[in-house]
Amino acid sequence: MATAAHERGRGGFVTAVATSENRLALGSAPLDTLSSVPLTTRAGGSERNRLTAVVLLSGLAAPTGGCALMPRELNLSPIWFHRLDENHEPLEWDALWPLLHYERTPEGGDDFRIRPFYRRVTEPALQAVEHQFLWPLGRIRTEPDETYHRLFPFWSWRDRENDEGERDVDWYLTPLIYGGYSSDARENYFAFLPFYADIPQFLTYSRFFAVMFPLFLQLDKGGHRHTLAPWPLVAWSSCAEAEHSWYRVLPLFSRDAEPGRFDRTWLLWPFLAWGTENLDVESRDPVKTFWLWPFWGHRQSRDVDGWTVAWPFFEKTSKRDHFYKLNLFWPFFHYYENRAEDNVVQWWLWPFVGHVRSDDQNGWSFLWPLIWWREYDDPEGRTQQEWVLPFFWHVRREARDGSSHDFTKLWPFGHHTVIRDPDGRKIGGDWSLPSPWPWREGNAYGVREAYGWLWELIAGWRRGPDDNSVDVAARLFTRRVRNGKATASVPFLFNLEEDEHGGTLRLFQFIPIPFGGGAMTDQER
């Protein structure tokens with residue numbers, strides 16, 4: 001996996017390659033040197049292969065009287081486009097737009113695409129290589145300690161090192177057949193639903209075992225083993241940690257009891273039920289419950305008082321010095337407060353208005369779920385959200401160190417993302433017009449890279465503090481400012497290179513006109 005992760009073939013579309021040690025002196029080398037440049041494998045740093053290739057349209061770079069005409073940015077879109085850095089290594093290129101695309105990632109990796117069918121991206125910091133095909137259906141990802149591949153919904157395989165340092169494998173062949181194993185044999189499992197299943201850590205259970213589901217089902221959770229045959233009508237339970245007893249024959253009868261904790265009985269479920277809660281010694285306040293659904297119910301103890309009449313029309317429950325809850329014509333009116341836990345106060349008149357406030361959150365909703373606003377704190381930082389669905393979203397996330405991520409969307413017309421470091425500098429982000437994809441972050445991963453060309457008329461990216469670019473569809477106009485140097489172009493008509501000293505305008509992509517005091521390079525002369 002390490003070899004695969006370190007593999008560097010910039011862009012993956014190879015007809016000619018230039019390494020940092022064998023860079024082509026554009027316009028000064030005979031064309032046959034292109035075919036003799038070796039394809040090598042390197043790991044990280046500046047010594048990586050940069051595909052130039054087709055890449056540099058070597059025919060146009062042929063010497064003419066010792067004078068090189070190849071610019072850092074060449075725009076013959078949709079046939080060809082490339083943009084080179086100050087060392088004449090590729091930053092971006094397109095061939096037969098939108099089919100073939102390559103760009104160097106902000107982290108120094110490679111991102112090569114055959115849109116919309118295939119994408120290959122590398123992550124040097126993680127020594128990772130990822131292949132995406134027919135996205136989001138197909139994915140292959142390799143890291144030094146993990147391999148994952150899928151073709152949804154037919155196949156998935158994950159091989160990783162678990163928290164105990166053991167090899168752990170999980171796989172499925174269609175959603176009906178799946179299995180896995182670990183090198184210590186503690187998580188070996190197999191399932192062919194509905195005929196057989198023996199699965200650890202499935203749904204909320206520590207083990208899920210079934211034969212001819214729903215005829216026989218066994219569930220392990222929290223030291224309890226529940227057996228249902230057939231599910232969900234007939235069931236019984238055993239407990240490895242206490243004298244827990246649970247059995248039922250629905251809808252006739254059910255009983256669930258654990259000495260020192262609770263005792264519950266149902267008759268003709270769900271119509272008649274009674275029981276006692278909080279039987280542990282620490283609470284010293286057992287709660288008696290009775291339920292004749294839907295007509296009447298109560299729960300009573302020294303501190304607890306609860307009533308329901310003609311549920312869901314009226315329900316009230318309170319605990320002294322702890323909480324109070326009231327529902328009227330649920331879910332239309334609800335009120336809840338809990339002074340013992342975070343000072344929560346929540347109420348709503350659904351669907352018109354709702355409000356929640358506590359020590360770490362504050363939120364409002366109107367015409368739920370269309371309009372809502374909230375802000376909340378968690379251990380990682382503070383989040384603010386404003387939504388007018390589906391047309392307007394704003395989400396701002398500020399970390400404890402002062403860094404922030406700010407996302408705004410006016411659907412489907414556009415979106416804007418700004419990422420700042422702890423000093424407030426812009427270090428990342430993007431924007432586009434229009435922006436119809438209705439999700440963001442994890443649910444948007446890979447989508448724009450594969451399909452964004454279908455809808456984006458104009459888009460921009462900030463890849464670093466001093467790396468900002470804008471593109472019009474099909475590179476009809478493009479500009480990028482990087483490390484104080486800028487390039488821009490319009491297909492066939494001109495390209496522009498400039499820095500603080502001046503620049504060069506090239507008419508028809510090749511005829512140089514210096515301006516602003518900028519001198520031509522020796523090669524341009």
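1. pLDDT is the predictor's confidence in each residue, from 0 to 100. This is a predicted model, and its mean pLDDT is 86. Of the residues in the protein, 84% reach 70 or more.

2. Confidence is low in some stretches. Over residues 1–68 the pLDDT stays under 50, although the model has 138 contacts beyond four places in sequence for these residues. Residues 518–525 are also below 50, with 16 contacts beyond near neighbours in sequence. Where pLDDT is low, the predicted coordinates should not be read in detail.

3. The largest nonpolar core has 13 residues. The members that touch the most others are Tyr178, Ala197, Ile199, Phe208, Leu217 and Leu228. Four elements give two or more residues to this core: β15 (189–192), β16 (196–202), β17 (205–211) and β18 (216–221).

4. Phe208 shows what the packing looks like from one member of that core. Beyond its neighbours within four places in sequence, Phe208 is in contact with Ala197, Asp198, Ile199 and Phe202, and also with Leu217, Gln218 and Leu219.

5. A second core, separate from the largest one, has 10 residues. Leu76, Trp93, Leu100 and Phe112 are among them.

6. Strands β35 (residues 381–388) and β36 (residues 392–399) run antiparallel and are joined by 8 bridges. Together they form a hairpin, with 3 residues between the strands. One of the paired positions is glutamine 384, whose bridge partner in β36 is arginine 396.

7. β36 also pairs with strand β37 (residues 404–410), in the antiparallel sense and over 7 bridges. Here phenylalanine 392 stands opposite leucine 410 of β37. The hairpin of β36 and β37 has 4 residues between the strands. In that hairpin glycine 402 takes a positive phi near 100°.

8. Is histidine 415 buried or exposed? Histidine 415 lies in strand β38 (residues 414–420). Its relative accessibility is 11%, so histidine 415 counts as buried, the cut-off for buried being under 20%.

9. The side chain of histidine 415 has a polar contact, at 2.4 Å, with the side chain of aspartate 430. Leaving out neighbours within four places in sequence, the residues in contact with histidine 415 include Phe407, Thr408 and Lys409. Asp430, Trp431, Ser432, Ser435 and Arg448 are also in contact with histidine 415.

Key. Residues numbered from 1 in each chain as written. Predicted model: local features only at pLDDT ≥ 70, side-chain atom pairs only at ≥ 80, totals over all residues. Heavy atoms only, no water. Core = buried A, V, L, I, M, F, W, Y, C linked by side-chain atoms within 4.5 Å. Buried < 20%, exposed > 50% of the residue type's maximum accessible area, 1.4 Å probe, protein only. Contact = heavy atoms within 4.5 Å. Polar contact = N/O pair within 3.5 Å; in protein donor to acceptor, adjacent residues only side chain to side chain. Pairing = 2+ DSSP bridges.
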